[in-house]
Amino acid sequence: MKLAWMGQYRDVVDALIHYCNIYAAAYKLEKMEYKGVCYSYAQIQVLEYVLESEDKGQNMSAIAAHLGITRSNFSKIVNRLVAKGLLEKSYLSGSRKEMKLRVNAFGRELYQDYSQEILRWHFAPMFRELDRIAPENYAAIHDALYAAMGGSSYLREAEAREEKSKG
């Protein structure tokens, strides 16, 4: 049966589904290693965003929302990164809930190594393909992906389940 509802976008949707399924299968697996420390894509994404947003002063809930993961999952990842000696957390003055996250020197070193490798074998091929598209169209790709995610209630429902299980 031909799936006509996707129309001219079928090839794009097919590629996106394929990419998401492969990524989902590897997301939590600690298959990458640097100087004896194994880590996952989930962990490196948190490390990456903390590095990128050091000057924003965001709390952990805001970072989790930006990454599209639940607060409890984010906390688990942060605790794993702290235990691995890659990330440091400290309480903001006067608060036992608000924490400040900082990537330490070893975490920065690991991230530098990771970024060179992931660029070489993963993103460089994608960037070469994107070079075929005019840069003024990148925003449309970004907006299309976020529009697709906007229809998903996964994160809201997962957060509601977490809140319900606490109460």
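In what order do the elements of the protein chain run from the N terminus on? In this predicted model, the order is α-β-β-α-α-α-β-β-α-α-α, which comprises seven helices and four strands. The chain has 167 residues, of which 26% count as buried. Its C-alpha trace spans about 55 × 40 × 30 Å along the principal axes. Among contacts in the chain with a sequence separation of 6 or more, 46% are made by residues 24 or more positions apart.

Helix packing was examined for helix 2 and two of its partners. Two packed helices are described by the angle between their axes and the distance between the axes. Helix 2, residues 41-52, packs against helix 3, residues 60-67, at an angle of about 120 degrees, and the two axes are 11 Å apart. Helix 2 is therefore oblique to helix 3, since angles of 65 to 115 degrees count as roughly perpendicular. The crossing of these two helices is right-handed. On the side of helix 2, the residues that meet helix 3 are Gln-45, Val-46, Tyr-49 and Val-50; on the side of helix 3, they are Ile-63, His-66 and Leu-67. Sorted by class, this contact of helix 2 with helix 3 holds five nonpolar and two polar residues, and no charged ones.

Helix 5 covers residues 105-130, and its axis comes within 11 Å of the axis of helix 2, with a crossing angle of roughly 110 degrees. That angle makes helix 2 roughly perpendicular to helix 5. The crossing of helix 2 with helix 5 is left-handed. Helix 2 contributes Tyr-41, Ile-44, Leu-47, Glu-48 and Leu-51 to the contact, whereas helix 5 contributes Gly-107, Arg-108, Leu-110, Tyr-111, Tyr-114, Ile-118 and Trp-121. Nine of the residues in the contact of helix 2 with helix 5 are nonpolar, one is polar and two are charged.

Two of the helix 5 residues named in that contact, Tyr-111 and Tyr-114, also take part in aromatic pairing. The search of the whole structure yields seven aromatic pairs. One of them joins Tyr-39 and Tyr-114 in an edge-to-face arrangement, with 6.2 Å from centre to centre and 75 degrees between the planes. This pair links distant parts of the chain, as Tyr-39 lies in strand 2 (residues 37-39) and Tyr-114 in helix 5, 75 residues apart. Tyr-39 is buried, with a relative accessible area of 4%, and Tyr-114 is likewise buried, at 9%. The ring of Tyr-114 also pairs with that of Tyr-111: the ring centres are 5.8 Å apart and the planes stand at 40 degrees, so this pair is tilted. Tyr-111 and Tyr-114 are separated by about one helical turn because they are three residues apart in helix 5. Tyr-111 has a relative accessible area of 17% and counts as buried, because the limit for that class is under 20%. Ring pairs also link Tyr-19, Tyr-23, Tyr-27 and Tyr-41 into a cluster. Of these, Tyr-41 is also one of the helix 2 residues in the contact with helix 5.

The segment around strand 1 was considered next. Tyr-34 is located in strand 1, residues 32-34, and is buried, with a relative accessible area of 12%. When neighbours within four places in sequence are left aside, Tyr-34 is in contact with Tyr-39, Phe-106, Glu-109, Leu-110 and Asp-113. For Asp-113, which is 79 residues from Tyr-34 along the chain, the C-alpha atoms of the two residues are separated by 7.9 Å. Two residues in the contact list of Tyr-34 recur elsewhere in this description: Tyr-39 is in contact with Tyr-34 and is paired with Tyr-114, while Leu-110 is in contact with Tyr-34 and belongs to the contact of helix 5 with helix 2.

Lys-35 is found in the loop between strand 1 and strand 2. Although Lys-35 is not a glycine, its phi is positive, at about 50 degrees. Lys-35 is exposed, with a relative accessible area of 59%, whereas Tyr-34 is buried at 12%.

Terms used. Residues are numbered from 1 along each chain as its sequence is written. This is a predicted model: local features need pLDDT of at least 70, side-chain atom pairs count only at pLDDT 80 or more; totals for chains, interfaces and linings use all residues. Side-chain values use heavy atoms; hydrogens and water are left out. Axes are lines fitted to C-alpha atoms, for helices over the stretch in contact, and angles run from 0 to 180 degrees between N-to-C directions. Angles under 35 degrees count as roughly parallel, over 145 as roughly antiparallel, 65 to 115 as roughly perpendicular and the rest as oblique. A crossing is left-handed if the near helix is turned anticlockwise from the far one by less than a right angle, and right-handed if clockwise. Contact means heavy atoms within 4.5 Å. Ala, Val, Leu, Ile, Met, Phe, Trp, Tyr, Cys and Pro count as nonpolar, Asp, Glu, Lys and Arg as charged, and the others, Gly among them, as polar. Rings of Phe, Tyr and Trp (its six-membered ring) pair if their centres lie within 6.5 Å; planes under 30 degrees apart count as stacked, over 60 as edge-to-face and the rest as tilted. Buried means under 20% relative accessible area, exposed over 50%, partly exposed in between (1.4 Å probe, protein chains only).
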